Amino acid sequence: MPVVVIDRSTVLDFVQDAESFDKAMERKFYSIDVNHDGSLSRAEVRAAFECVHVLECTLGMPDAKSPRQLNKIYDSIFERFDTDHNGVVDMEEFRAQMRDILLAVAHGLGSAPLQIATEEDGFLQDAANHELEKNSAA
């Protein structure tokens, strides 16, 4: 897992750069869309969240949940993304929810730089890469 140094402005700058943010979200969306139908099913959204193991930990410590508890959590995540309640998540719904999630993360980070272990192709890694590219161009 790569370790990045980020703060609130790293994530905010990434989200506010519409071109970079949209490209990253499209890349993520299509990597999750395993059947390539242009929308995300409940199973595809669940598989994406299962890969990052977020729901299996509390404050970084293992937190065993029953299959019923996990199903309820995954269902609520899907309902949050499927804002028009048509049973699938389209690109716009995905982009809007990821923007909200990343803005919440940004506001939680604060202004002091933090070292964070990220997934190789994770959203926070995208934000850190965006900052590196921006600084390299300057």
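Helices (H or I, at least four residues) and strands (E, at least two) are taken here as DSSP runs, numbered from the N terminus. This is a predicted model, in which local features need pLDDT of at least 70 and side-chain atom pairs count only at pLDDT 80 or more, while totals for chains, interfaces and linings use all residues. Residues are numbered from 1 along each chain as its sequence is written, and side-chain values use heavy atoms, with hydrogens and water left out.

Begin with the whole chain in a cartoon view, where six helices and four strands can be found, following the order β-α-α-α-β-β-α-α-β-α along the sequence. Of the 138 residues, 33% count as buried, where buried means under 20% relative accessible area, exposed over 50%, and partly exposed in between (1.4 Å probe, protein chains only).

Next, select helix α3 (residues 42-52) and, within this helix, Glu-44. Glu-44 is buried yet has no salt bridge, and the nearest side chain of opposite charge, that of Arg-42, is 11 Å away; for this purpose Lys and Arg count as positive and Asp and Glu as negative, with His and the chain ends not counted, and a salt bridge is a side-chain nitrogen of Lys or Arg within 4 Å of a carboxyl oxygen of Asp or Glu. Display the backbone around the Glu-44 side chain: one of its polar atoms lies 3.0 Å from the backbone nitrogen of Val-34, and the side chain also reaches the backbone nitrogen of Asn-35 at 3.3 Å. Beyond its neighbours within four places in sequence, Glu-44 is in contact (heavy atoms within 4.5 Å) with residues including Ile-32, Asp-33 and Ser-39.

From the same region, select Arg-42 together with Glu-79, which form a salt bridge with their closest N and O atoms 2.9 Å apart. Because Glu-79 lies in helix α4 and Arg-42 in helix α3, the pair ties together parts that are 37 residues apart in sequence. Glu-79 is partly exposed at 35% relative accessibility, and Arg-42 is partly exposed at 36%.

Move now to helix α5 and select Glu-92 and Arg-95, which are three residues apart and so separated by about one helical turn. Their salt bridge has its closest N and O atoms 2.5 Å apart, and Arg-95 is buried, with a relative accessible area of 9%. Extending the selection to Asp-22, Glu-26 and Arg-99 shows a network of salt bridges that links these residues with Glu-92 and Arg-95. In helix α2, Lys-23 and Glu-19 form another salt bridge (3.8 Å, N to O), and both residues are exposed.

For the interior, select Ile-6, Val-11, Phe-14, Met-25, Phe-94 and Leu-102, which touch the most other members of the largest nonpolar core, a set of 29 residues. Such a core consists of buried Ala, Val, Leu, Ile, Met, Phe, Trp, Tyr and Cys residues joined through side-chain atoms within 4.5 Å. Its largest share, six residues, comes from α5. Centring on Ile-6 and setting aside residues up to four places away in sequence, one finds that it touches Val-11, Leu-109 and Ala-128, among others.

Finish in the loops, with two histidines. His-36, between α2 and α3, has a positive phi of about 55 degrees although it is not a glycine, and is exposed at 66% relative accessible area. His-85, in the loop between α4 and α5, likewise has a positive phi, near 55 degrees, and is exposed at 55%.

Note on methods: A polar contact is a pair of N or O atoms within 3.5 Å; within protein, one must be able to donate a hydrogen and the other to accept it, and residues adjacent in sequence count only if both atoms are side-chain atoms.
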